[in-house]
Every structure is written in structure tokens, then in C-alpha cells.
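Here is a short, friendly tour of the salt bridges in a predicted model. Have the structure open as you read.

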Amino acid sequence: MSAVTDGGMVTPSLKLEFLKGLHDGVGVDITTCEFTFDKRPLGLRFHQELPIVITGFDGGSLAEAAGVERGMMLRAVDGNDVIAQCSSYAEAVNMLRRGAERLPMANSIKLTAFSPDNADAIPVG
């Protein structure tokens, strides 16, 4: 768990690490991008499968405002490697949910997942 100091007070925060692939015409360059959040919900959308790849955002999304982009793959939650530690989609979402649930609410945006076969949103934080 990460923490942000705000005027001497420690508030919970969540650090997410994403992988971003860039094709330069010769090969693919993988970049790691880190984002720290101190409020939820994050407003991320992704399919119900591994790896967790961002497919979109809820309106006014905190994650989108922070710079998370479509196509980024979730690599770690607070330093815990999602790729190495999670053998199922449910484990990965639970790791993400546990991290997000400790954050204070910012507004009514929800962290949601969509199945390729089912258009129903599943709230995750």
C-alpha cells in the first residue's frame, strides 16, 4: 500500500503500473507507466479476460485524466505483479478491487469490466 502525505496527514493511495507498447516500424518498444491515485472510483473499462487491457473510460474518469490510455496493460497494483501473481481474471480484478476499495470516494464514477460476450458492466471499485 502506498501513501500520500497531505499537510502532515497520511492518506491512502493506490499505485498502478501499466505496460504500453509502441511500434516504431522496426519492432515494439515496451514502456512502463506508473500512476498514483488517492481517490476512487478510477473509471477504467476493460474486458473480462487476462491480461487486463484498458479498453475505455467512464465519463470524467480519474484514470483518463491522469494519463492512462486505451491499450495499456495492467502490470502491477501497489508493486504486486498482476501478470506473475494472478492466474485468473478473477484474481487480477480482486487485486485491483482491494487496492481501490481503501481509497476515499471522489464522485460517482465506477470501475467496470465488460465481457466480449456480455455487454453488462461489472462494478469493481
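K15 has a relative accessible area of 25%, which makes this lysine partly exposed because the value falls between the 20% and 50% cut-offs. Its partner is E34: the two side chains meet in a salt bridge, with N and O 3.9 Å apart. The pair brings together distant parts of the chain, as K15 sits in strand β2 (residues 9–23) and E34 in strand β3 (residues 28–37), 19 residues apart. E34 is also partly exposed, at 49% relative accessibility.

Now follow strand β2 along to K20. This lysine forms a salt bridge with E69, and the closest N and O atoms are 2.8 Å apart. E69 lies in the loop between α1 (62–66) and β6 (73–77), so the contact ties together parts that are 49 residues apart in sequence. Here too the partners are partly exposed: E69 has a relative accessible area of 35%, while K20 stands at 22%.

A third pair is R75 with D81, whose side chains meet in a salt bridge at 3.8 Å, N to O. R75 and D81 belong to one network with E17, joined through salt bridges that share partners. R75 counts as partly exposed, at 29% relative accessibility.

For quick reference, here are the three pairs with their N to O distances:

| Pair | Distance |
|---|---|
| K15 and E34 | 3.9 Å |
| K20 and E69 | 2.8 Å |
| R75 and D81 | 3.8 Å |

How many salt bridges does the count come to? The count comes to 6, and the pairs in the table are among them.

Methods
Residues numbered from 1 in each chain as written. Predicted model: local features only at pLDDT ≥ 70, side-chain atom pairs only at ≥ 80, totals over all residues. Heavy atoms only, no water. Salt bridge = Lys/Arg side-chain N within 4 Å of Asp/Glu carboxyl O. Helix = DSSP H or I, 4+ residues; strand = E, 2+ residues; numbered from the N terminus. Buried < 20%, exposed > 50% of the residue type's maximum accessible area, 1.4 Å probe, protein only.
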